[in-house]
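Biologist: Please take me through the terms used for this model and show how each one is justified.

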Amino acid sequence: MATVVSILSPKGGVGRSTLATNLAGGLSEFGYRTLLVDADPQGSVVDWENERVHNWEMPPVVIPLPSDAEPEELKRVIDGFAWVVVDTPAGLERLSMAALSIADCILIPIRPSAPDLWAAEQLVDLIKARLAALIGTGRVVPTAFVCLQAIHGSDLAKEVDDAASSLGFPILTARTTMRTDYSEAFQMGLTVPALVPGSDGDREVTDLLKEIIKLTSKHGQS
Ligand SMILES: Nc1ncnc2c1ncn2[C@@H]1O[C@H](COP(=O)(O)OP(=O)(O)OP(=O)(O)O)[C@@H](O)[C@H]1O
Ligand SMILES: [Mg+2]
């Protein structure tokens, strides 16, 4: 059974697609059969795959999901994969809700800024309603904030940690910081670990992957 990681956020430009490609590519490199679903009509993940000119032995399979797709279609395409990462559009539209409904793990990316956290409140309420509906079914969906594009030496990250926990979900210890490696890897259809192995960015992504695998395996889904 696939473990579905849905990346959801109400705001644009927080780094969802960058996170999605690094997670899915990283899981592939770990040897898992991984699907990366591009549920954003903007098609950034499809562009990411199309931009790749280098040989890369372990890319994830990328599938675009049409904007009028039903949640059932999402369930159909994930068959046969160990991991599925779903990149969603900004906002809380139909496809984001479909990604929420099939998720085994929900990640809410936020940059270390107050507006990102304020905007997350409505999504947090929707996720809590979804999780409440699962009570009694035995299904547990670990949910966490992920801090992206943190700035070295800034106190904002600490404030974000406090604010995130006040919204009722933990924030992952692993995070990404501001690095050009992320945009360069994206432009080349790669992940940061594949582009610059052994770099600090590689360590950030690898730490994120390990933490997410642990988060989901605690619930018997890995
Ligand atoms: N850790 C990082 N360091 C530096 N730049 C980053 C980092 N993460 C993402 N970016 C850059 O931030 C911008 C937005 O990232 P991305 O496209 O992943 O966000 P998004 O949430 O998917 O946006 P959209 O709402 O357009 O779908 C891109 O230019 C990307 O290269
Ligand atoms: Mg995107």
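The exchange below concerns a central strand, its sheet and a ligand shell.

Modeller: This is a predicted model, in which local features need pLDDT of at least 70, side-chain atom pairs count only at pLDDT 80 or more, and totals for chains, interfaces and linings use all residues. Residues are numbered from 1 along each chain as its sequence is written, and chains are lettered from A and ligands numbered from 1 in the order in which they are written.

Biologist: What makes strand β4 mostly covered?

Modeller: A residue is buried if 20 or more other C-beta atoms, placed from the backbone, lie within 10 Å of its own. Five of the five residues in β4 (residues 83–87) meet this, so the strand is described as mostly covered. W83, V85 and D87 point one way, V84 and V86 the other.

Biologist: How do you know that β1 and β4 pair?

Modeller: Pairing requires at least two bridges found by DSSP between two strands. Strands β1 (residues 3–7) and β4 have five, in the parallel sense, and therefore pair. I7 stands opposite D87 in β4. Strand β2 (residues 34–38) also pairs with β4 over five parallel bridges, with T34 opposite W83.

Biologist: Why do β3 and β6 stand at the edges?

Modeller: The six strands form an open sheet in the order β3-β2-β4-β1-β5-β6. β3 (61–64) and β6 (143–147) each have a single partner strand, so one side of each lacks a neighbour in the sheet.

Biologist: Which residues come nearest to ligand 1?

Modeller: Of the 19 residues around ligand 1 (C-beta atom, placed from the backbone, within 6 Å), G12, G15, S17, T18 and S183 come nearest.

Key:
A residue is buried if 20 or more other C-beta atoms lie within 10 Å of its own, exposed if 12 or fewer, and partly exposed in between; C-beta atoms are placed from the backbone. Helices (H or I, at least four residues) and strands (E, at least two) are DSSP runs, numbered from the N terminus.
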